[in-house]
Each structure stands twice: as structure tokens, then as C-alpha cells.
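User: I should like to go through the structural terms applied to this model and see how each one is justified. Please set every value against its definition.

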Amino acid sequence: MSINSQAHTLLDVEDDESITISDPRDGSEVGTLPSANRDQVALAVSLARAVQPEWAATSPADRGAALRRAAAALRAGARELAELNTRETGKPPADALGGVEAAIATLEQYAELGPVHRGLSLRGAVTATDYTVAEPRGVAALLTPWNDPVAVAAGLIGAALVTGNAVIHKPSERCPHVGELLGRLLQPAFPAGVLTTLTGGAGVGQMITMETGVDVFAHVGSSATGARIARAASLTGAHVIRENGGNDPLIVDADVDPVWAAGQAALGAFANSGQICTSVERIYVHRAIAEPFLAALTDEARSRNTSGDFAPLVDRRMRDIVDGQVAEAIGLGARCLEGGHVPDGPGAHYPATVLTHCTEAMTVMTEETFGPVAPVTVVDSFEDGLRLAAAGPYGLAASVLTGAIAHAQQAIAGLSVGTVKVNAVFGGAPGGSAQPRGISGAGFGYGPELLDEFALVKVVHISAPPQAGA
């Protein structure tokens with residue numbers, strides 16, 4: 001069987017194991033997909049290794065043109081993909097479509113950035129030439145999440161392919177139909193075998209990480225899974241890019257409008273039902289404005305809970321984890337001002353929840369809570385809030401609401417995180433790629449710097465030979 005025919009039949013092989021997904025809004029079945037087996041994983045890697053040299057030899061301009069074709073195919077299938085995302089993850093339709101639109105823009109961005117991904121001119125002898133060139137690492141395995149499945153996957157796929165790598169993509173087992181459709185939309189833009197999608201659960205991901213033919217792993221997901229991938233890569237020598245969990249703090253200073261601050265806190269904690277790696281996970285509010293802040297935050301949560309359109313969590317398993325953390329906090333003395341209970345009815349719904357009297361003994365303050373929970377600690381000073389915010393093993397992002405430039409500067413210097421946001425919990429300029437710290441990951445996960453993560457630098461030195469008879 002030829003490489004091309006193998007590539008096109010790779011996902012048609014049946015396997016005993018499968019994944020069945022239910023709609024988290026009402027519990028109805030979305031569908032079932034087979035999981036890849038060990039033979040399929042090995043075949044995907046061997047195919048990628050076979051076709052990667054030719055793809056690497058393709059001019060950067062032609063690789064960029066292929067990404068533009070992929071972006072056009074994604075645009076044509078945007079509504080179908082967004083509707084499937086809503087069915088699998090519960091993401092509101094407008095947000096799901098926005099994620100696809102972000103993915104299209106990302107592919108188009110890397111289509112432009114790839115051909116101008118340049119090396120450096122080095123200063124050597126006058127009669128010599130010294131410079132660097134960037135070369136692809138080889139085969140890239142991308143393991144992507146469910147909470148923004150199209151945009152995140154497209155960013156990693158685009159950066160890896162435009163730099164000349166072949167890609168094996170494993171989407172999250174919580175949205176395998178989205179990942180499979182994304183692959184079907186994108187694959188025709190590239191030579192057979194250059195982009196392969198493998199569906200499956202954690203076992204499939206583990207099989208991929210055990211393959212010695214993979215040169216780089218990019219993972220967006222939990223810190224525990226990221227740590228396992230890093231350990232596996234230490235045995236194979238693969239490069240690892242990780243954007244993992246966060247326990248992002250929000251410090252609310254005494255000099256800000258408490259109602260505005262509560263709106264920011266609610267946006268950070270409740271957007272996408274709290275299922276964002278950079279969600280606001282713990283809040284430290286100055287005692288001087290704590291009472292009106294908590295009242296306004298409670299109103300923000302209640303308005304979402306009574307709206308009738310607050311999105312569910314991705315599944316009941318996730319809901320059980322979130323509810324368990326809330327119940328533990330209440331058992332340890334936290335006071336629930338709104339939400340905090342599993343509602344009756346089908347699906348995986350959970351209310352926007354506000355907790356106060358929270359302490360560092362509670363999991364909601366020390367671990368990632370992937371749900372719509374806003375746990376609050378009242379502090380006596382900005383310095384106390386900063387000290388508590390700076391504690392812990394995570395290092396993804398942090399937010400500060402303050403009118404004092406000195407306090408903003410103290411936070412920027414004192415918080416060991418990849419991103420510090422002052423007076424806006426979300427937002428930022430395009431290309432603002434960051435390096436997570438601690439157990440939140442390592443390497444640049446997006447932006448122009450992601451091209452460097454998928455490339456190796458080679459230094460070239462050219463000297464003139466001696467003249468004859470010299």
C-alpha cells in the first residue's frame with residue numbers, strides 16, 4: 001500500500017474502543033467515534049516521518065499558501081464546526097463561532113509570519129559570512145483541549161506546519177467530533193500524511209508520547225498531564241511546549257470602584273462558565289471596599305443564574321469535581337453568597353458561585369477550579385493581597401485592579417507569572433505571547449515566538465578558501 005493510500009485510510013480502521021459524547025446542555029447523545037489503537041499511532045508517526053522531509057523542502061511561501069487554503073476551508077465549514085462544538089462542550093453558539101473565527105485569523109497570521117521567519121546575521125571576519133537558519137524539528141504531536149478546541153488547535157497546527165514540521169493532532173476526548181471534523185476540513189490543503197488526526201482518550205495520548213519518532217510535543221491542558229508528557233519526553237529527547245493549568249489570582253485594591261471591580265471579577269471567573277486556563281481563580285479584595293464589592297459580585301452571579309442561558313460545564317464528571325471543591329470550602333468555613341449547589345434536571349449545569357471567608361486551607365484557593373466559582377479572601381492591605389497572590393506552584397497569569405502606579409509596579413515585579421494584567425482581566429495586544437512558569441507550563445504557546453518553538457537554529461560559517469599559491 002502506498003504512503004498516500006495509507007494516509008487516507010488511517011482513520012478508517014475500526015477499533016474495539018470508542019468514545020461516546022453527550023450534549024452537556026440536556027444529556028442527549030452527540031455520537032460515537034472509534035479510538036485510535038497502537039498500530040494506528042505507530043503508522044501515523046511513520047507516515048509523518050516519511051513525508052516530512054519533502055514538506056520541509058517546500059518553500060516557506062508555498063507552505064504559507066497551504067495555510068491560507070486551510071483557512072478558507074475552515075471558513076467554509078465554520079458554522080457546522082461551531083454547532084458541533086456547542087453540542088459537544090456546551091459552549092454558547094456565538095462563542096463557539098467566535099472560536100472558529102479566531103482559528104481562521106490565526107491560520108492566516110501564521111501564513112504570513114512563516115515566510116518571513118528569519119535568521120540572524122552574525123558579525124565575523126570581514127572575509128567570512130556568518131548567519132543562522134531555522135529548520136523544522138521534524139514530527140510534532142499536538143495534544144489540544146476542549147474549552148477552546150478550534151482556536152487552540154489551529155494555532156499550534158498553523159505554527160507547526162508553516163515551519164516545515166509534519167503534524168499528528170490528538171484533540172481532547174471531550175470533543176472528538178470537533179477534532180475529527182477540523183482534521184477533515186484542513187487536511188486537503190496539505191500533502192497526504194503531513195497532517196493526521198487521531199481521536200481517543202488519555203491512553204491514545206500516552207501511546208503518542210511513547211513514540212520515539214516524535215520530535216516535539218505541544219500540550220494545552222492540565223498540569224498533571226503536562227508533567228507526565230514532560231517526563232515521557234525526557235526519555236525520547238523530544239522538545240516540549242506546555243501551556244497548562246492556572247490558579248490565577250485577582251488583587252482588588254482599596255482605591256477602585258467596587259462595582260466596576262466586581263464586574264471585572266465576574267467576567268474573569270464566569271466567562272465560558274469558568275472553563276478558561278486564565279480564569280480568575282482566587283480573589284483578594286481590600287477590606288475598605290469588600291462589602292460593596294461582594295454585594296456587586298453576588299448580583300453579577302445571580303444575574304447569570306437567573307438569565308436562563310448560563311452555559312453548562314463540559315460534562316458531569318467536571319461538574320462533580322467543581323462541586324466537590326465548593327462543598328469542601330463550605331465545610332471548612334466558607335460562606336456561600338450565591339450558587340454553590342448542583343441544580344435539578346438533565347445536563348451538566350452548575351451555577352455561578354460566590355464564596356467568601358475563604359482561606360488557603362481550601363482547595364478552591366490553592367488548586368485550579370475549572371468552573372464558575374469566585375472564591376474571595378478579604379485582606380487588610382494591598383501588600384497582604386500581593387503576598388497571598390504570589391504564593392503557590394502555578395505561574396500562568398494574574399490580574400491587578402488598582403489606581404496606584406506604585407502598586408501596579410509592585411505586582412508586576414512580585415508576581416512570578418507569565419502574564420500580569422493591570423485593570424483588565426482579559427485582553428491584550430496581538431502577539432503578546434508569554435512563557436508560563438512553575439507547574440503552569442514552559443515555552444511560548446502562541447504568537448510569533450511559537451515559530452521558534454517548532455524550529456531548530458543552525459549556525460552557518462562560510463570562509464573564503466586560501467588563494468592558490470598563497
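Analyst: The following exchange takes up overall form, aromatic pairs, strand pairing, cores and two threonine residues.

Analyst: The model is predicted, so local features need pLDDT of at least 70 and side-chain atom pairs count only at pLDDT 80 or more, while totals for chains, interfaces and linings use all residues. Residues are numbered from 1 along each chain as its sequence is written, and side-chain values use heavy atoms, with hydrogens and water left out.

User: What makes the radius of gyration of the protein chain agree with that of a compact globule?

Analyst: The radius is taken over C-alpha atoms, and the globule rule is 2.2 Å times the number of residues to the power 0.38. For 470 residues a compact globule would have a value near 23 Å, and the protein chain has 24 Å, so the two agree. The C-alpha atoms fill a box of roughly 85 × 60 × 40 Å along the principal axes.

User: How many helices and strands are there in the protein chain, and what qualifies as one?

Analyst: The protein chain has 16 helices and 20 strands. Both are DSSP runs numbered from the N terminus: helices are H or I with at least four residues, and strands are E with at least two.

User: Why is the pair of Trp55 and Phe190 called edge-to-face?

Analyst: Rings of Phe, Tyr and Trp (its six-membered ring) pair if their centres lie within 6.5 Å; planes under 30 degrees apart count as stacked, over 60 as edge-to-face and the rest as tilted. The centres of Trp55 and Phe190 are 5.8 Å apart and their planes stand at 85°, so the pair is edge-to-face. Trp55 belongs to helix H2 (residues 38-57), whereas Phe190 is in the loop between helix H7 (176-186) and strand S7 (195-197), 135 residues apart.

User: Why do Trp55 and Phe190 count as buried?

Analyst: Buried means under 20% relative accessible area, exposed over 50%, and partly exposed in between (1.4 Å probe, protein chains only). Trp55 has 4% relative accessibility and therefore counts as buried; Phe190, with 8%, is therefore buried as well. Of the 470 residues of the protein chain, 53% count as buried.

User: What describes the pair of Trp146 and Phe370, and why does the pair tie together distant parts of the sequence?

Analyst: This pair is edge-to-face, with 5.6 Å centre to centre and 85° between the planes. Trp146 lies in the loop between strand S5 (139-143) and helix H6 (149-162), and Phe370 in the loop between helix H13 (363-366) and strand S14 (373-379), so parts 224 residues apart in sequence are tied together. Both Trp146 and Phe370 are buried.

User: How do you know that S14 pairs with strand S11 and with strand S13?

Analyst: Two strands pair if DSSP finds at least two bridges between them. S11 (residues 282-286) and S14 share four bridges in the parallel sense, and Val285 has Val378 as its bridge partner in S14. S13 (residues 353-356) is joined to S14 by three bridges, also parallel, with Val354 opposite Ala374. Six of the seven residues of S14 are buried.

User: Why do strands S3 and S20 count as edges of their sheet?

Analyst: The sheet is open, has three strands in the order S3-S4-S20, and pairs in the antiparallel sense. S3 (121-122) and S20 (455-463) each have a single partner strand, so one side of each is left without a neighbour in the sheet. Nine bridges join S4 (residues 128-136) to S20, and Asp130 stands opposite His461.

User: What makes a set of residues a nonpolar core, and which residues touch the most other members in the largest one?

Analyst: A nonpolar core is a set of buried Ala, Val, Leu, Ile, Met, Phe, Trp, Tyr and Cys residues joined through side-chain atoms within 4.5 Å. In the largest, of 79 residues, Leu74, Leu81, Ile157, Phe190 and Phe454 touch the most other members. H6 gives the most to this core, with nine residues. Apart from it lies another core of 26 residues, among them Ala266, Ala290, Leu294 and Phe310.

User: Why is Thr298 called buried, and what lies 2.8 Å from a polar atom of its side chain?

Analyst: Thr298, in helix H11 (residues 290-305), has a relative accessible area of 8% and is therefore buried. The backbone oxygen of Leu294 lies 2.8 Å from a polar atom of the Thr298 side chain. A polar contact is a pair of N or O atoms within 3.5 Å; within protein, one must be able to donate a hydrogen and the other to accept it, and residues adjacent in sequence count only if both atoms are side-chain atoms.

User: Why does Thr199 count as buried, and where is Thr199 placed?

Analyst: Thr199 is in the loop between S7 and H8, and its relative accessibility is 10%, so it counts as buried. The backbone oxygen of Pro34 lies 2.8 Å from a polar atom of the Thr199 side chain.
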